[in-house]
Amino acid sequence: MDISEIRQKIDANREKLASFRGSLWLRRSGRRIAILENKMTEPDFWDDNIAAQKTSQELNELKQTYENFHQMVDLFDESEILLDFLAEDDSVKEELIEKLEELDKRM
């Protein structure tokens, strides 16, 4: 993969992340996570086992989506930094390609 292909890949990933950010309702998800976590600390939370399990499952799914998105953002940011370093040091090219491949898998 040459530098122009890497740049195109990073640009495409930037667009995908922007799309994910809008479609995942991350702010709303973050607030919902906080609400559910508070709810789970209530003393009578486990009194209704079925409702508690549903709440717990919803919380886990929201957290997984939220965390996965932020891991993708971290990988993207690292890719951009490595691209900047690539201009000065060709030895980071392999690491950059690995980051981009990992990001593709997560997306």
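## Ground rules for exposure

A residue counts as buried under 20% relative accessible area, as exposed over 50%, and as partly exposed in between. Trp46 comes out at 48% relative accessibility, so Trp46 falls in the partly exposed class. Keep in mind throughout that this is a predicted model.

## The aromatic pair

Let's stay with Trp46 for a moment. How many aromatic pairs does a search of the whole structure find? There is one. The partners are Phe45 and Trp46, with ring centres 4.9 Å apart and planes at 85 degrees. Angles over 60 degrees count as edge-to-face, so that is the label for this pair.

The two partners sit in unlike surroundings. Phe45 has 7% relative accessibility and is therefore buried, whereas Trp46, at 48%, is partly exposed.

## Salt bridges between helices

Now for the charged side chains. Searching the whole structure turns up six salt bridges. One of them joins Asp104 and Lys9, with N and O 2.7 Å apart. Asp104 belongs to helix α4 (residues 93-106) and Lys9 to helix α1 (residues 3-23), so this contact ties together parts that lie 95 residues apart in sequence. Both ends can be placed on the accessibility scale: Asp104 is partly exposed at 29%, and Lys9 is partly exposed at 26%.

Another salt bridge runs between Glu37 and Lys63, where the closest N and O atoms are 2.9 Å apart. Here the link is between helix α2 (residues 26-40), home of Glu37, and helix α3 (residues 49-86), home of Lys63; the two residues are 26 apart along the chain. Glu37 is partly exposed, with 32% relative accessibility. Lys63 is partly exposed too, with a relative accessible area of 27%.

Then there's Glu78 with Lys99, whose closest N and O atoms are 2.7 Å apart. This pair connects helix α3, through Glu78, to helix α4, through Lys99, across 21 residues of sequence. Glu78 has a relative accessibility of 32%, which makes Glu78 partly exposed.

## A shared network

Which residues do salt bridges with shared partners join into one network? They are Asp11, Arg14 and Glu80.

## A negative patch

Not every acidic side chain is in a salt bridge. Glu94, Glu95, Glu98, Glu101 and Glu102 come together on the surface as a patch of negative charge. Residues need over 30% relative accessible area and no salt bridge to join such a patch. Take Glu101 as an example: this residue is in helix α4 and has a relative accessible area of 44%, so Glu101 is partly exposed.

## Two more residues to look up

Is Leu96 buried or exposed? Leu96 is in helix α4, and with 0% relative accessibility Leu96 is buried. If you measure from there to Asp11, a member of the network above, you'll get 14 Å from C-alpha to C-alpha, with the two positions 85 residues apart in sequence terms.

Lys54, in helix α3, makes a handy contrast. With a relative accessible area of 58%, Lys54 is exposed. The C-alpha atoms of Lys54 and Ile3 are 48 Å apart, and the two residues are 51 apart along the chain.

Key:
Residues are numbered from 1 along each chain as its sequence is written. This is a predicted model: local features need pLDDT of at least 70, side-chain atom pairs count only at pLDDT 80 or more; totals for chains, interfaces and linings use all residues. Side-chain values use heavy atoms; hydrogens and water are left out. A salt bridge is a side-chain nitrogen of Lys or Arg within 4 Å of a carboxyl oxygen of Asp or Glu. Helices (H or I, at least four residues) and strands (E, at least two) are DSSP runs, numbered from the N terminus. Buried means under 20% relative accessible area, exposed over 50%, partly exposed in between (1.4 Å probe, protein chains only). Patches are made of residues with over 30% relative accessible area and no salt bridge: like charges are joined within 9 Å, nonpolar side chains (Val, Leu, Ile, Met, Phe, Trp, Tyr) within 5 Å. Accessible areas come from the Shrake-Rupley method with a 1.4 Å probe; for residues, only the protein chains shown count as cover. Lys and Arg count as positive and Asp and Glu as negative; His and the chain ends are not counted. The place of a charge is taken as NZ of Lys, CZ of Arg, CG of Asp or CD of Glu. Rings of Phe, Tyr and Trp (its six-membered ring) pair if their centres lie within 6.5 Å; planes under 30 degrees apart count as stacked, over 60 as edge-to-face and the rest as tilted.
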